[in-house]
Amino acid sequence: MDTHIIALNLSTIRKRIHNSAQSVQRNKNDINLVAVSKTQGSNKILEAIHAGQRLFGENRVQEAERKWPGIKQAYPDVALHLIGPLQTNKIKQALRLFDVIETLDRPKLAEMLAMEMKKSGRFPECYIQVNIGEEPQKAGIMPSDATDFIGYCQNELQLPVTGLMCIPPVDEAPAPYFSLLASMAKHSHLANISMGMSGDFEMAVAHGATHVRIGQAIFGERVG
Ligand SMILES: *Cc1c(COP(=O)(O)O)cnc(C)c1O
C-alpha cells in the first residue's frame, strides 16, 4: 500500500474543511478534525500522527485500551475522544484513557461518571449525545429532554459538560439536524458541537460544527 495515502487524505480533508469554513465566514481554526481510528491498526494511527494529526476518536473502550496507552505515552500531545456508547462498567477504564467523552446520554451514566471522576481525580470534558432524529434504535438524549439533562449534569452533578454531539438519521438530508444541534448548543451556552462524518462534514461545518469525526475518508474502508 502507498504509505503516504493517509497523509494525503488528511491534507485533502483539512483543505475541504477550510473551504467550507471560508464559505460561511468561519475561522478554520475553530474546526477540529477528529480522526476516527476505530478498527484501524497502530501502523495507520502512527502514520496519521506523523502527518501532524493529534486528535483521534475511538468508539469502543476495550479496543482503545489495546491500541492507545503506548501511543499516548510516546505522543503526550495526542488527545483521544470517546465517540461510542459508554457502559457503566467501563467508566474507570474510559476515564484513564479518554480526554473527552462525547457520548454522555443518560442520567445513570452521568451519576456514575460524576462519582468516578471524584474518585479518580480525572475530569475529562463531556459532550452530551443528542438523539437528534428521535430514532428509537439510536443512543442519545431526546431533544426535548436535553435542556433539563444538561442542567442536571452541570448543576447537580458538577460534570464538565462543554458540548453536544449527534449522529443524524442516515437516510435523510442532515442539514436540518445539524442546524438544530447548533441552536441547542447555543441555547445552553455550550461551545463544542461535534457533528459531521466522512459523507457530510462540509455541511456540518457550514452549520457550525466545531468537531467533525472522520474515519473512512482518512483511513480507507474499515477493517473487519
Ligand atoms: C465511525 C464513526 C464516525 C466516522 O464515520 P466515517 O463514515 O468513517 O467518517 C463518526 N462518528 C461516530 C460516532 C462513529 O461511530
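Let me begin with the ligand, which in this predicted model is surrounded by Val 36, Lys 38, Ile 83, Met 165, Ile 167, Met 197, Ser 198, Arg 213, Ile 214, Gly 215, Gln 216 and Arg 222, where a residue counts as near if one of its heavy atoms lies within 4 Å. That shell divides into 6 nonpolar, 3 polar and 3 charged residues, with Gly counted as polar, Met, Ile and Val as nonpolar, and Lys and Arg as charged.

A word on conventions: residues are numbered from 1 along each chain as its sequence is written, and side-chain values use heavy atoms, with hydrogens and water left out. Because the model is predicted, local features need pLDDT of at least 70 and side-chain atom pairs count only at pLDDT 80 or more, whereas totals for chains, interfaces and linings use all residues.

Turning to the polar neighbours, a polar side-chain atom of Ser 198 lies 2.5 Å from an oxygen atom of the ligand, while for Arg 213 a polar side-chain atom lies 2.9 Å from a ligand nitrogen. With Gln 216 it is a polar backbone atom that is 2.8 Å from an oxygen atom of the ligand. Of the 390 Å² of accessible area that the ligand has on its own, the protein covers 90%, by the Shrake-Rupley method with a 1.4 Å probe.

Elsewhere, what is the separation between the C-alpha atoms of Asp 77 and Glu 47? They are 15 Å apart, for residues 30 apart along the chain. Asp 77, in the loop between H3 and strand S3 (79–82), has its side chain joined to that of Arg 54 by a polar contact of 3.0 Å, meaning a pair of N or O atoms within 3.5 Å, one able to donate a hydrogen and the other to accept it.

Conventions
Helix = DSSP H or I, 4+ residues; strand = E, 2+ residues; numbered from the N terminus.
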